[in-house]
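Work through the exercises below with the sequence and the 3D structure open. Try each task before reading its solution.

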Number of protein chains: 2
Amino acid sequence: MNEVLSKPIGIFDSGLGGLTVLKELKLTLPHESFIYLGDTARTPYGSKGYETIVRYSKECANFLINKEIKLLVVACNTASSLALDVLRSQVACPVIGTINEAVNQAVEISKRKKIGVIGTDATIASSVYQERIKSLSLDVEVFAKSCPLFVPLVEQGMFDGEIVDKIVELYLKDFKDKEIDVLILGCTHYPLLKDAIGKYLGLSVNIVECSRAIANEVGGLLSAGSKKANVPKQKTAGDIYYITDGVSRFNQLAQVFLGYDSVSAAKIEL
Amino acid sequence: MNEVLSKPIGIFDSGLGGLTVLKELKLTLPHESFIYLGDTARTPYGSKGYETIVRYSKECANFLINKEIKLLVVACNTASSLALDVLRSQVACPVIGTINEAVNQAVEISKRKKIGVIGTDATIASSVYQERIKSLSLDVEVFAKSCPLFVPLVEQGMFDGEIVDKIVELYLKDFKDKEIDVLILGCTHYPLLKDAIGKYLGLSVNIVECSRAIANEVGGLLSAGSKKANVPKQKTAGDIYYITDGVSRFNQLAQVFLGYDSVSAAKIEL
């Protein structure tokens, strides 16, 4: 096998949410090896400012680059919204974020040309989703809303029930009279609230998850044209997990997220 | 004025919650000058592990010690619960945490000898409150509960309403049949939910806030015995605010917390 072929794919998130992306990547690319980094000591990113998010994202990327990855996946919408251009300018391998492919899908499937986007405070304030949608189709109306309590809910393992329903209503009631037919889940934690969100918005709204979109984009990139050689025929190394805090909690939750028998993360300091 | 007298008091928290302590300190000690440090870039601490909390607490303490403070107030219950002994062993000035005086007050006023304590995951898991209460009075029953969604609620400015009431009920319903007559708010964010908590538990439960207890302890320490000279007659320097992220948001919220015309924080990296 050639040298690039056998290199792992690096993937980072501010914490646990990126595991929803890793799960999809592993389904789509079963023969690839992954190195996951969760910056659990400094999570969440979504309530923090531009400089801090860029600084933390660069530190995560540098850690993975030093592991000789062939491709970097930024599995955090906040980092993708604010730091992707900076990372691309500093990193030699391809860098894939959460946004472009999800937006492509959303614009493609929206018939009413009315799309909703939800995410963290930082993601929504960055307007990256809104601008990307407009750059693809000027006649699409975009409705964006930050949902800052969704991440704490997911981190507490609260995915349904009365409190979740009330908080979903609090954030999404503005969408009810907008006639959106697509909602982008612009945060890698949100797929875990998909049932509650879907129940509230009803069947007429299609939900786009970044995790699936990223997996498609990475799969497409690795198998495209001259890069075809980069898709290995079988898995040659196990996946590796690094986190900056909370090993036992991460291992427990990662097993639930990924459906594994056991996950064993190593703790590092950034 | 002598040298020690004119030195400021240092105070740190993982973010904004410590401002509830600063407010009480300023009321109790109007002639003292304060240096406040909020580690907003790495907030919250309460969901993180021992090593991370101790490391961050040491970094906050070292920053303030380098500002030549005469006394260090750890205005974060999580840091007080996990890092106070480490800080005391490494810092030359007195170090005051959130716990001891609040526990003293709680034990003193509890007639039924049944005390409730609420705090972050890390604070409650540390058992520091529970052990301190037992060390003062073996015949007190202690009921402890972590309330991990309270900090995100406060950080979102949600202090009342249906969602707050439901989350208060979720966490505090276990206390209803325990006949506690005192509840310690073991997190500096929680005083902002005091009305909702009081409404749910009823008038028979006295609520003890760490912020007032700390102010009493600091005031007592500075005016006690030979240290009487440490209480200045008038304020000689303005208060200084440092944070690690989110200057404009901090300034806005600090004005609300403290009731000032303006607060101007400086951003630092830890």
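**Exercise 1. The interface**

Task: State how much area is buried between chain A and chain B of this predicted model, and find which residues of chain A lose the most area to chain B.

Solution. Begin with the total: about 2200 Å² is buried between chain A and chain B. Carbon and sulfur atoms give 54% of that area. Next, count the residues: 29 residues of chain A are in contact with 29 residues of chain B. Then look at the chain A side, where the greatest losses of area to chain B fall on A:Arg55, A:Leu149 and A:Ile163. Together these residues account for 21% of what that side buries.

**Exercise 2. The relation of the two chains**

Task: Work out which kind of axis relates chain A to chain B, and which residue of chain A comes closest to it.

Solution. Two copies of a chain are related by a rotation about an axis and a shift along it. Here a turn of 180 degrees with a shift of 0.0 Å along the axis lays chain A on chain B, with an RMSD of 0.0 Å. The axis is therefore two-fold. The same surface serves both copies, since 100% of the contact residues of chain A recur in chain B. The residue of chain A closest to the rotation axis is A:Arg42, whose C-alpha lies at 2.4 Å.

**Exercise 3. Three helix pairs**

Task: For each pair of chain A helices, classify the angle and describe the contact: α1 with α11, α4 with α6, and α8 with α9.

Solution. An angle that is neither under 35 nor over 145 degrees, and lies outside 65 to 115 degrees, counts as oblique.

Step 1. Helix α1 (residues 19-28) and helix α11 (residues 247-258) of chain A cross at roughly 45 degrees, their axes coming within 9 Å. α1(A) is therefore oblique to α11(A). The crossing is right-handed. From α1(A), the residues A:Leu19, A:Thr20, A:Leu22 and A:Lys23 meet A:Phe250, A:Ala254, A:Phe257 and A:Leu258 of α11(A). Sorted by class, this contact has six nonpolar residues, one polar and one charged.

Step 2. Helix α4 (residues 100-109) and helix α6 (residues 128-136) of chain A have axes that come within 10 Å and cross at roughly 50 degrees. α4(A) is therefore oblique to α6(A). Their crossing is right-handed. A:Asn100, A:Val103, A:Asn104 and A:Val107 of α4(A) meet A:Tyr129, A:Arg132, A:Ile133 and A:Leu136 of α6(A). The classes are five nonpolar, two polar and one charged.

Step 3. Helix α8 (residues 162-172) and helix α9 (residues 194-201) of chain A pack at about 60 degrees, with axes 10 Å apart. α8(A) is therefore oblique to α9(A). This crossing, too, is right-handed. The contact of α8(A) with α9(A) holds seven nonpolar residues, three charged and no polar.

**Exercise 4. Backbone details**

Task: Locate the cis peptide bond from A:Thr43 to A:Pro44, and find where A:Ser127 lies in chain A.

Solution. The peptide bond from A:Thr43 to A:Pro44 has omega near -5 degrees. A:Pro44 sits in the loop between β2 (34-38) and α2 (50-65) of chain A. In chain B, a cis peptide bond joins B:Thr43 and B:Pro44, with omega about -5 degrees. A:Ser127 lies in the loop between α5 (121-126) and α6 of chain A. Its phi is near 60 degrees, a positive value in a residue other than glycine.

Terms used. Residues are numbered from 1 along each chain as its sequence is written. Chains are lettered from A and ligands numbered from 1 in the order in which they are written. This is a predicted model: local features need pLDDT of at least 70, side-chain atom pairs count only at pLDDT 80 or more; totals for chains, interfaces and linings use all residues. Side-chain values use heavy atoms; hydrogens and water are left out. Axes are lines fitted to C-alpha atoms, for helices over the stretch in contact, and angles run from 0 to 180 degrees between N-to-C directions. Helices (H or I, at least four residues) and strands (E, at least two) are DSSP runs, numbered from the N terminus. A crossing is left-handed if the near helix is turned anticlockwise from the far one by less than a right angle, and right-handed if clockwise. Contact means heavy atoms within 4.5 Å. Ala, Val, Leu, Ile, Met, Phe, Trp, Tyr, Cys and Pro count as nonpolar, Asp, Glu, Lys and Arg as charged, and the others, Gly among them, as polar. Copies are superposed by least squares on the C-alpha atoms of residues with pLDDT of at least 70 in both. Buried area is the accessible area (1.4 Å probe) that two parts lose on being put together, summed over both.
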